[in-house]
Each structure stands twice: as structure tokens, then as C-alpha cells.
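Student: I have a model open and want a quick walk through it. Can you take my questions one by one?
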Amino acid sequence: GNVPLEMHKVRIVQKLNLVSIERRLEAIKEAGNNTFLLKNRDVFMDMLTDSGVNAMSDKQLAAMMEADDSYAGSETFTKLENKITEIFGKKYFLPAHQGRACENILSQAFVKQGSVIPMNYHFTTSKAHVYLNGGTVEEIIIDEGLNITSEYPFKGNMNVEKLKALITKHGAEKIAFVRLEAGTNLIGGQPFSLQNMKEVHTVCKDFDIMLILDASLLADNLHFIKTREEVCKNMSIREITRAMADLSDVIYFSARKLGCARGGGICTNDKAVYLKLRELVTLYEGFLTYGGMSVREMEAIVVGLDETMDENMINQGPQFIEYMVNELKKHGVPVVTPAGGLGCHINAMEFLSHVPQSQYPAGALASALYLVSGVRGMERGTVSEQRDENGNETFSNMELLRLAMPRRVFTLSQVNYAIDRIRWLYENRKLVGGLTFVEEPPILRFFFGKLATA
Ligand code: F0G
């Protein structure tokens, strides 16, 4: 059957705790029903995110030992710069401490009051930086992208007709750039196709608009292009990567997901763009040969990028996720289909159909799942949105509980444990009630907000 097969062996392990349900009840109360505020010592399987928690390889650890430390001119940085050029074909590389730092720099450099930024879909931090600089975000994902249950292989595609219409409506000079997000995070880690990217690229070229690729979740997207897009079946991962890079004016990434370490960066072949961004990097991140990263992290990214070009490495996440999604689906649990990258996404709107959206079904489900299992997921629904200027809720298109699958971290028995607990919770779903905010920060409230039973 479709049982995932690990193409690695485990050589270092970390002990886990499975605390009693009584302690879990206390812990989730202390955390204000916000899984971001749980302490790891109370968590059994941490499926909050795949950011900075993927397993590192023996080769990465070995490389970290030979890092060349210096404020300026480090050999390690040169290695990273060369690796970026080798893989993406971009001459200029700017380091940053993580993905959102790249977003800060790109938004400060290009977003002005009144700018419009079309995206296949927003990510929380990418949207927040655009708004901080006076711009607005237009999400032009294809309709199928918001269809929770679907067979469509590329739900992350951008609607090219809508892109043209937006440009006609606002005028090309108002469009600061077009942002295409690989492995579209908030709609369930869904990929776009190379064909779609080509079409978006053509429109951008016609109107002389910059195309920026958010490559944070590139690894998953590469795997899906390779396995789902007929014309790419015979291309190597390196060739697909290069084709995507050639269609992008600027690529940025969070190395917390891509490269399996920490850090991030921006690359381009456009010298004017590079010079514009360079001064912001030195202001916010650090000198140009580290940008907020330690040399050890940079060494790990060099190896991690190479490993991302290995099909047997990047298929691990998607295979485990597909297994989990299929098992849950088989037992009637509502999940986002087809299985994407990043993690397994449960449709809380349907799972807790008795909880109104104003009582945050995805937040309630995240809290309940922790209580019954010690599995920590992340709310990706209305709690993760921001109120509008009049203080009204912005209801999310989807109410998802995301169970991220850190790459090469969990065994299949652990995944089966999570599946078993989710099935139990689904059978007993009427026990779960809604939530209301008791502490609500105005920006990125999902990180620190606290909630109580509604
Ligand atoms: N872009 C995408 C598509 C992301 O998924 C993330 C982070 C970022 C940008 C920002 O990168 O965290 O390094 O600053 N996603 C994490 C997550 C936080 O859990 O999905 P960062």
C-alpha cells in the first residue's frame, strides 16, 4: 500500500514527554487555549510548525564544525553565496536572519502608500509588512484553491486573468511587485505548477512588473511539480528549480524551512535591486556577509540546499502527510485534499460545525486536540487574521487546524498515534465548545492572544 518509507536512519534521539491529561488541562488553561503559548515540556508531538524544527543531517552537522567565523569576508558566506548562484543562477545574494526579515526589506524597498501587491495567497508576515508600508494585498488564487476537498493537483496556482484585470484596474505603476508563494502555506501547503508560473511571468514581463518568488516552501512545491506535472516528469529537481528561478526577478526564503536550519536570504540578478536592498540589510540584519545568521547556520544551509535537490529527501514530508490525510479521510474526518506539503490540515469549520466562526472553530479544535493527545497543532483560521480598521472580525476563508510534519522527525507509529487521537476527537466532537478572546493584541494576535470558553 501507500505506506511511507523512511530513506534515512535515526542516529540521535530526543526524549519526549507524554504528560497526564490532568496536566494537559492545566497547561492549555495556562496557555489561554493558544497552542503558541504551551511549553514544550507539556507537548508530546510538536506539530505546530515545520519552521526551524526539521531534522538535520549528519552532513549538515559536520559542515557546521568547519565554519569560518568573521564579521566581514567569511569563507562560509562565500560558500553560501556560491551555492545560491549554483542552484538558482542568481549573481547577488543578501543574507537575512529569517523569512520575515526578507519581507521587511523587500516591502520597505518597494511598497509605497497606495501600492497593490497581487499574491496567489497571503502569508501572515508577508501581508503585515506590505500593510505596514502603506500597501494592500490582493489574493488572486484560482477558485479551486479555496475548495477544501478537491482533486486538483495545483491549488496554489494564481488566477492569471485576475492578475491582468488587477493591473488594468490599478495601472502597472501601482503594482509594486507580484508575489508568488511556493507551497502556498495558508491554504494547506498547496503547490503551483511550473506552467502557471510561466503564465504569471509572461504577464509580469508584458507590464514590466517584478515577479518575486517566496521560496520558503520550495522543497514541497518542487516535489509536487516533479510528481504531478506531466511535462516535468523527466526533469531533475535541479532543472525544475532552475526553471522556476529563471522566471523570478527576486527570490527570497526562510531557511528555517528551506535548508533545514535558521536564517534566510534574498537573491537576484538585478544589480539596481541588489543595491537598493543592500543598505536595508546592513541597517536591519547585519553586515553583508552574515545578515543576522551565525556561520554555523550558513554552513548548514549550504548543505541543506544541496539536500533539497535530492528527490529522496524532499519526498519525505509529502509522503507522511499524504498518509495522514488519507487515513483521516478514510475515517470520515474532514481534511484538506489533495494532501499538500507542510502538514495535514483539518477542516475545523466542518469538524466543529456546531461552533460558529465568531467563536473560532480552528482555535477551539487546536486546544481540544492538545487536551486529548498532547499533539500541538496551529490555528490557521480567523484567530490568525486581523480585525479591520473598524474593529470588526475578518473571517478567514478557511478554518484550518494545521498539523505540520517536521521533515524526518516523527516515526510512523507517532503519526498513527496522532491519527488515532484525532479520530477519537471526531467521534466525540460535540464535547468541544467555542472560544472568545480575553486578551487580544492588535497585531499578529495569534502569537500572544489568550482565549477562554465562549
Ligand atoms: N513565507 C512563508 C511561505 C512561510 O511559511 C513563512 C514562515 C515565512 C514566509 C516567514 O518566514 O518564519 O522565517 O520569518 N512560516 C512559518 C510557519 C512561521 O509556521 O508556517 P520566517
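Tutor: What follows is a short run through confidence, ligand, domains and a few single residues.

Student: What kind of model is this, and how are residues numbered?
Tutor: This is a predicted model: local features need pLDDT of at least 70, side-chain atom pairs count only at pLDDT 80 or more, and totals for chains, interfaces and linings use all residues. Residues are numbered from 1 along each chain as its sequence is written.

Student: What does the chain average for pLDDT?
Tutor: The average is 96, and 100% of the residues score at least 70. pLDDT is the predictor's confidence in each residue, from 0 to 100. For the complex, the predictor gives an ipTM of 0.99 and a pTM of 0.96.

Student: On to the ligand. How many residues surround the ligand, and which are the closest?
Tutor: There are 16 around the ligand, and the closest are Thr-49, Gln-98, Gly-99, Arg-100 and Ser-254. A residue is near a molecule if its C-beta atom, placed from the backbone, lies within 6 Å of it.

Student: Which helices each supply at least two residues of that shell?
Tutor: α4 (99-110) and α5 (124-132) do. Helices here are DSSP runs (H or I, at least four residues), strands are E runs of at least two, and both are numbered from the N terminus.

Student: How do the shell residues divide into nonpolar, polar and charged?
Tutor: Two are nonpolar, ten polar and four charged. Ala, Val, Leu, Ile, Met, Phe, Trp, Tyr, Cys and Pro count as nonpolar, Asp, Glu, Lys and Arg as charged, and the others, Gly among them, as polar.

Student: What does UniProt place at Lys-257?
Tutor: The unreviewed UniProt entry places "modified residue: N6-(pyridoxal phosphate)lysine" there. UniProt positions are given in the numbering used here, feature names are shortened, and annotations may be inferred rather than shown by experiment.

Student: Where is Lys-257 found? And why is it called buried?
Tutor: Lys-257 is in the loop between β7 (250-254) and β8 (264-268). Lys-257 counts as buried because 33 other C-beta atoms lie within 10 Å. The cut-offs: buried is 20 or more other C-beta atoms within 10 Å of its own, exposed is 12 or fewer, and partly exposed is in between, with C-beta atoms placed from the backbone.

Student: Which residues is Lys-257 in contact with?
Tutor: Leaving aside neighbours within four places in sequence, Asp-50, Ser-51, Ser-216 and Leu-217. Contact means that the C-beta atoms, placed from the backbone, lie within 7 Å.

Student: New topic. What does the domain assignment give?
Tutor: Domain 1 is 21-50 + 313-453, and domain 2 is 58-310. Such bounds come from an automatic or database domain assignment. The C-alpha centres of the two domains are 26 Å apart.

Student: How many residues are in contact between domain 1 and domain 2?
Tutor: 23 residues of domain 1 are in contact with 27 residues of domain 2. On the domain 1 side, α12 (311-314), α13 (316-330) and β9 (343-347) give two or more residues. β9 gives the most, with three. That side divides into ten nonpolar, ten polar and three charged residues.

Student: Any cis peptide bond? Which residues does it join?
Tutor: Thr-337 and Pro-338, with omega at about -5 degrees. Pro-338 is in the loop between α13 and β9.

Student: What about the phi of Tyr-360?
Tutor: Tyr-360 is not a glycine, yet its phi is positive, about 50 degrees. Tyr-360 sits in the loop between α14 (348-351) and α15 (361-373). It is buried, with 31 C-beta neighbours inside 10 Å.

Student: And what is the phi of Leu-444?
Tutor: Positive again, about 45 degrees, although Leu-444 is not a glycine. Leu-444 lies in the loop between β13 (435-439) and α17 (445-448). With 13 C-beta neighbours inside 10 Å, Leu-444 counts as partly exposed.

Student: Back to helices. Is Asn-312 buried or exposed?
Tutor: Exposed, because Asn-312 has 10 other C-beta atoms within 10 Å. Asn-312 is in helix α12. Its C-alpha is 9.1 Å from that of Glu-6, 306 residues apart along the chain.

Key:
Contact = placed C-beta atoms within 7 Å.
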